[in-house]
Amino acid sequence: MRRNRHLRIAAVGAAVSLLGVGAPATAGWVSKACTNELHCYGRVLTRPSGMTALGATVNPSCLTAVKASAVTDEIWLAGADLYWVEVGFVNKTKGVRINGIPNGRSGFWADQRPIDGRSPKHFNGHVLVRKPGMKARSLSIIRQGTTRYQVSFGGVLGYSTDNTMKSPLQGAVGSETFSKSNTSMAKFSGLKYAVGGGWISGLPNRSYDRDSPQTFKWTNKPTVARAGIPCS
């Protein structure tokens, strides 16, 4: 999520990714520092053939960030390159900069896409809802054309344009944190995707990644999951 640096979730075997899509889940936590430069994740990953949209309902139990840090509960849709779109809850505190995102809690979306259609990447953050209440919100990312994606945070819409994400697309649902001292536990329900048409319930070809202290647990595979850093 951070400006000019993000996990490249779409590429199997990418440098920061813990698991390739479809790989068996590893036991236990991966020990890694969670910093403003190297983020930690607790997420389910999925890459259905021909996927064009991803959706879920997120209900956060807690979302707190220590000084100079940030944490999210969100969903991602990413291409087989360096470009992606994300939407969800974020809490950011003073002392860390995320392009376009203010301090405090927000319903946000962001993308990384080419600059003016050229290859250099550009990160853009946007606020959809300022200081949203801690209640369930529906999230979705829908491909509407070759380079256009619609995002929704509880029905409030945004659009990523001139985004040349390459297929196959990969989706992710869960939490991202800049610090092990943050909290972000949330329930993600109604997990779904689309292949150029109506929604399909459940996430196929799935795996998960998890860095300590992030956790991940299926409640009803493959439609309901809990992810995030436990509430203190």
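## Rings, core and disulfides

F89 and F153 are both buried, and they make a good way into this predicted model. Their ring centres are 5.0 Å apart and their planes sit at 75°, so the pair counts as edge-to-face. F89 belongs to strand β4 and F153 to strand β8 (residues 149-153), so the pair ties together parts of the chain that are 64 residues apart in sequence.

That is one story among several, as the count of aromatic pairs comes to 5. W84 and F123 form another of these pairs, this time tilted, with 6.3 Å from centre to centre and 45° between the planes. Here too the pair links distant parts of the chain: W84 is in strand β4 (residues 84-92), F123 is in strand β6 (residues 118-130), and their positions lie 39 residues apart in the numbering. Are these two rings buried or exposed? W84 has a relative accessible area of 4%, which is under 20%, so W84 counts as buried. F123 comes out at 1% relative accessibility, so F123 is buried as well.

Further along the chain, Y208, F216 and W218 come together as one aromatic cluster. W218 also has a charged partner: R206 lies over the face of the W218 ring, 5.8 Å from the ring centre. A second arrangement of this kind involves R43, which lies over the face of W76 at 4.8 Å from the ring centre.

Now for the nonpolar side of things. In general, nonpolar side chains of soluble globular proteins tend to be buried together. In this model the largest nonpolar core has 50 residues. Which residues have the most contacts inside it? They are I75, V87, I141, V173 and L191. Strand β3 (residues 70-78) gives the largest share of this core, with 6 residues.

L191 is worth a closer look. Setting aside neighbours within four places in sequence, L191 is in contact with residues from several stretches of the numbering, including G55, A56 and V173. The list also takes in I200, S201, G202 and L203, and then P222, T223, V224 and A225. W218 is one of the contacts of L191 too, and that is the W218 of the aromatic cluster with Y208 and F216. R206 over its face completes the picture around that ring.

Last come the cysteines. A disulfide is a covalent bond between the sulfur atoms of two cysteines. The count here is 2 disulfides, and with the bonded cysteines numbered in sequence order the pairing reads 1-2, 3-4.

| Disulfide | Sulfur to sulfur | Torsion about S-S |
|---|---|---|
| C34 and C40 | 2.1 Å | -95° |
| C62 and C231 | 2.0 Å | about -95° |

The link of C34 and C40 is left-handed, and both of its cysteines are buried. For C62 and C231 the torsion is about -95°, so that disulfide is left-handed too. It links distant parts of the chain, 169 residues apart: C62 is in the loop between β2 (53-60) and β3, while C231 is in the segment after β15 (224-228). How buried or exposed are the two ends of this link? C62 is buried, with a relative accessible area of 9%, whereas C231, at 38% relative accessibility, counts as partly exposed.

Conventions. Residues are numbered from 1 along each chain as its sequence is written. This is a predicted model: local features need pLDDT of at least 70, side-chain atom pairs count only at pLDDT 80 or more; totals for chains, interfaces and linings use all residues. Side-chain values use heavy atoms; hydrogens and water are left out. Rings of Phe, Tyr and Trp (its six-membered ring) pair if their centres lie within 6.5 Å; planes under 30 degrees apart count as stacked, over 60 as edge-to-face and the rest as tilted. Helices (H or I, at least four residues) and strands (E, at least two) are DSSP runs, numbered from the N terminus. Buried means under 20% relative accessible area, exposed over 50%, partly exposed in between (1.4 Å probe, protein chains only). A charge sits over a ring if NZ of Lys or CZ of Arg is within 6 Å of the ring centre and within 35 degrees of the ring normal. A nonpolar core is a set of buried Ala, Val, Leu, Ile, Met, Phe, Trp, Tyr and Cys residues joined through side-chain atoms within 4.5 Å. Contact means heavy atoms within 4.5 Å. A disulfide is a pair of cysteine sulfur atoms within 2.5 Å.
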